[in-house]
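Here is a short tour of one protein chain. Keep the sequence and the 3D view open as you read.

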Amino acid sequence: MEHIHDSDVSSSSSHQNPKSTTKWAASLENLLEDPEGVKRFREFLKKEFSEENVLFWLACEDFKKMQDKKQMQEKAKDIYMTFLSSKASSQVNVEGQSRLNEKILEEPHPLMFQKLQDQIFSLMKYDSYSRFLKSDLFLKHKRTEEEEEDPPDAQTAAKRASRIYNT
């Protein structure tokens, strides 16, 4: 995978934080690290009927941070029942989910869902994420950000100035 160097990009906007949409467009990781990004991505996935993917991914992230064994057991069961069991309400489409034996839930460990989480991440990255970046939802948000950057009164002042000089 090649990395895109954004050194030339960042120099022009170094005096301000890069817009959130710019960060979101840079990588799925950036998008998922930003609560607002997650919110927008979820809205988009809801429309595509695949919101369970990002919810599963987020649940796995929370699970990895847990220390308490009892809590981990509950969360592991919760993740399994919600996303992985054949009767799951929000079943995610991962290979080998049937091989995740319910016995493993009794002895949870932080990375027990990692393989499945990685599969879902790839699915989102190569499927829904690229569509998200082309979606109206994303593009509208991007336009809003760009408009906020150029307040309309600044534009009208510039237009007024040009009118004065063009007469």
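The report goes from the overall fold to the core, one helix, the salt bridges and a few single residues.

## Overall fold

This is a predicted model. The chain holds nine helices and zero strands. Read from the N terminus, its elements run α-α-α-α-α-α-α-α-α. The chain has 167 residues, and buried ones make up 32% of them. Its accessible surface is about 11300 Å². Carbon and sulfur atoms account for 52% of that surface.

How far apart in sequence are the residues that meet? Take the contacts between residues at least 6 apart in sequence: 64% of these join residues at least 24 apart.

## The nonpolar core

The largest nonpolar core contains 34 residues. Which of them touch the most other members? They are Leu-32, Phe-41, Phe-56, Leu-84 and Phe-113. Several helices feed this core, each with at least two residues: H3 (28-33), H4 (35-47), H5 (51-64), H6 (69-84), H7 (114-134) and H8 (136-149).

## Helix H7

Helix H7 has 21 residues. From its first C-alpha to its last it reaches 29 Å, close to the 30 Å expected at 1.5 Å a residue. H7 also bends, by about 40 degrees, at Lys-125.

Which residues of H7 are buried? The set is Leu-116, Gln-117, Ile-120, Phe-121, Met-124, Ser-128, Tyr-129 and Phe-132. These buried residues pack against helix H2 (20-26) and against H3, H4, H5, H6 and H8.

## Salt bridges

The count of salt bridges comes to nine. Three of them are set out here, each with its closest N to O distance.

| Salt bridge | Closest N to O distance |
|---|---|
| Arg-40 with Glu-36 | 2.8 Å |
| Glu-74 with Lys-70 | 3.9 Å |
| Arg-131 with Asp-127 | 2.7 Å |

Start with helix H4. Arg-40 and Glu-36 are four residues apart there, so about one helical turn separates them. Arg-40 is partly exposed, at 22% relative accessible area. Glu-36 is partly exposed too, at 27%.

Now helix H6. Glu-74 and Lys-70 both lie in it, four residues apart, which is about one turn of the helix. Lys-70 has 53% relative accessibility, so it counts as exposed. A residue is called exposed when that value is over 50%.

Helix H7 holds the pair Arg-131 and Asp-127. They are four residues apart, so about one helical turn lies between them. Arg-131 is partly exposed at 35% relative accessibility. Asp-127 is partly exposed as well, with a relative accessible area of 32%. Some salt bridges share partners: they join Glu-36, Lys-39 and Arg-40 into one network.

## Single residues to look up

Turn to Gln-73, which sits in helix H6. Is Gln-73 buried or exposed? Its relative accessibility is 17%, so Gln-73 counts as buried. The cut-off for buried is under 20%. Leaving aside residues up to four places away in sequence, Gln-73 touches Leu-105, Glu-106 and Pro-108.

Next comes Glu-51, in helix H5. Glu-51 has a relative accessible area of 13%, so this residue is buried. What does Glu-51 touch, not counting residues up to four places away in sequence? Its partners are Arg-42, Leu-45 and Lys-46.

Last is Arg-143, found in helix H8. Arg-143 is partly exposed, with a relative accessible area of 45%. Look across from Arg-143 to Thr-21: the two lie 122 residues apart along the chain, yet 9.5 Å separates their C-alpha atoms.

## In brief

The predicted model is a chain of nine helices and zero strands. Six named helices, H3 to H8, each give at least two residues to the largest nonpolar core. Helix H7 bends by about 40 degrees at Lys-125, and its buried residues pack against H2, H3, H4, H5, H6 and H8. Among the nine salt bridges is the one between Arg-131 and Asp-127, at 2.7 Å.

Technical notes
Residues numbered from 1 in each chain as written. Predicted model: local features only at pLDDT ≥ 70, side-chain atom pairs only at ≥ 80, totals over all residues. Heavy atoms only, no water. Core = buried A, V, L, I, M, F, W, Y, C linked by side-chain atoms within 4.5 Å. Buried < 20%, exposed > 50% of the residue type's maximum accessible area, 1.4 Å probe, protein only. Expected span 1.5 Å × (residues − 1). Bend = angle between axes of the 7 residues up to and from the residue. Contact = heavy atoms within 4.5 Å. Salt bridge = Lys/Arg side-chain N within 4 Å of Asp/Glu carboxyl O. Areas by Shrake-Rupley, 256 points an atom, 1.4 Å probe, with all protein chains shown as cover.
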